[in-house]
Amino acid sequence: CSGRRAGASGSYTDTRVGLSVTAPLGASPFYANQRALNDLERLREQLRFAQDTASNEARRLIASARSLDTEVAIRRHAVDAARLALEANIRSYEGGGKSNSDVVLSYQNVADTQTALANSQVSRVEALLNLRLLDPDQPL
């Protein structure tokens with residue numbers, strides 16, 4: 001606002017009034033707060049997802065280890081049965097009832113069952129180690 005006024009001596013004086021408004025250039029604190037709340041909620045959702053994933057994986061590994069316990073026991077019985085069959089085939093061979101190839105096949109069967117047992121044992125230990133990595137407090 002400006003204006004000219006005549007003074008008592010007949011001279012003119014200028015009067016001016018200035019107005020200044022300041023506003024922050026960045027987002028207002030309200031928007032910054034809203035963004036922080038949204039980020040917090042997103043992180044909470046990510047945490048819930050990670051916890052659910054870890055829980056599901058732990059249940060899967062526990063079930064796998066239990067199943068492999070049973071599998072290892074069955075494979076041990078299979079190894080014992082293969083050894084008994086080998087002994088029987090050796091005796092039959094010595095008695096003339098079995099051929100050399102029957103004995104060789106029995107040796108191969110013992111080796112195959114032992115390999116399957118070892119693989120099952122490794123899988124069981126792997127499941128237990130993965131469970132321990134996922135949850136160190138989980139009893140094995």
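Me: Why does leucine 131 count as buried?
Reply: Its relative accessibility is 2%. The cut-off for buried is under 20%. The value falls under the cut-off, so leucine 131 counts as buried. This is a predicted model, and the 2% is computed from its atoms.

Me: Where does leucine 131 lie, and what is its C-alpha distance to glutamate 57?
Reply: Leucine 131 is in helix H2. Its C-alpha atom is 8.2 Å from that of glutamate 57. Along the chain the two residues are 74 apart.

Me: Why is leucine 134 called partly exposed?
Reply: Leucine 134 has a relative accessible area of 35%. Buried needs under 20%, and exposed needs over 50%. The value lies in between, so leucine 134 is partly exposed. Leucine 134 also belongs to helix H2.

Me: What does leucine 134 touch beyond its neighbours in sequence?
Reply: Leaving aside residues within four places, it contacts Ala54, Glu57, Ala58 and Leu61. Take Ala54: it is 80 residues away from leucine 134 in sequence. In space the two C-alpha atoms are 7.0 Å apart.

Me: How do you know that alanine 65 is buried?
Reply: Compare its value with the cut-off. Alanine 65 has a relative accessible area of 7%. Buried means under 20%. Alanine 65 therefore qualifies as buried.

Me: Where is alanine 65, and which residues does alanine 65 touch?
Reply: Alanine 65 sits in helix H1. Not counting residues up to four places away in sequence, it touches Arg124, Ala127 and Leu128. Alanine 65 and alanine 127 are 62 residues apart in sequence. Their C-alpha atoms are 5.9 Å apart in space.

Me: Which residues form the largest nonpolar core?
Reply: That core has 6 residues: Ala58, Leu61, Ala65, Ala127, Leu128 and Leu131. Helix H1 (29-95) and helix H2 (100-134) each supply at least two of them. Leu61 shows the links across sequence. It touches Ala127, Asn130, Leu131 and Leu134, with residues up to four places away not counted.

Me: What do the buried residues of H1 pack against?
Reply: They pack against H2. The buried residues of H1 include Leu68, Val72, Val79 and Leu86. On the other helix, the buried residues include Val103, Val110, Leu117 and Ser120. H1 is part of what covers the buried residues of H2.

Me: How does the span of H1 compare with the expected one?
Reply: H1 has 67 residues, so at 1.5 Å a residue it should span 99 Å. Its end C-alpha atoms are 97 Å apart. The two values agree.

Me: What is the span of H2, and what is expected?
Reply: H2 has 35 residues and reaches 51 Å from its first C-alpha to its last. That is close to the 51 Å expected at 1.5 Å a residue.

Me: What follows H1?
Reply: Glycine 96 does. Its phi is positive, near 95°.

Me: What makes the pair of phenylalanine 30 and tyrosine 31 edge-to-face?
Reply: Two values settle it. The ring centres are 5.4 Å apart, inside the 6.5 Å limit for a pair. The planes stand at 75°, and edge-to-face needs over 60 degrees, so the name fits. The structure holds 1 aromatic pair.

Me: Why are phenylalanine 30 and tyrosine 31 classed as exposed?
Reply: Exposed means over 50%. Phenylalanine 30 has a relative accessible area of 52%, so it is exposed. Tyrosine 31 has 54%, so it is exposed too.

Me: How are the elements ordered along the chain?
Reply: From the N terminus they run β-β-α-α. That is 2 helices and 2 strands. Buried residues make up 14% of the 140 residues in the chain. The chain exposes about 11,000 Å², with 55% of it from carbon and sulfur atoms.

Me: How confident is the prediction, and where among the elements is the mean pLDDT lowest?
Reply: The chain averages a pLDDT of 87, and 84% of the residues score at least 70. Strand E1 (residues 2-6) has the lowest mean among the elements, at 56. H2 has the highest, at 95. Where pLDDT is low, predicted coordinates should not be read in detail.

Terms used:
Residues are numbered from 1 along each chain as its sequence is written. This is a predicted model: local features need pLDDT of at least 70, side-chain atom pairs count only at pLDDT 80 or more; totals for chains, interfaces and linings use all residues. Side-chain values use heavy atoms; hydrogens and water are left out. A nonpolar core is a set of buried Ala, Val, Leu, Ile, Met, Phe, Trp, Tyr and Cys residues joined through side-chain atoms within 4.5 Å. Buried means under 20% relative accessible area, exposed over 50%, partly exposed in between (1.4 Å probe, protein chains only). Helices (H or I, at least four residues) and strands (E, at least two) are DSSP runs, numbered from the N terminus. Contact means heavy atoms within 4.5 Å. Accessible areas come from the Shrake-Rupley method with a 1.4 Å probe; for residues, only the protein chains shown count as cover. The expected span of a helix is 1.5 Å times one less than its number of residues. Rings of Phe, Tyr and Trp (its six-membered ring) pair if their centres lie within 6.5 Å; planes under 30 degrees apart count as stacked, over 60 as edge-to-face and the rest as tilted. pLDDT is the predictor's confidence in each residue, from 0 to 100.
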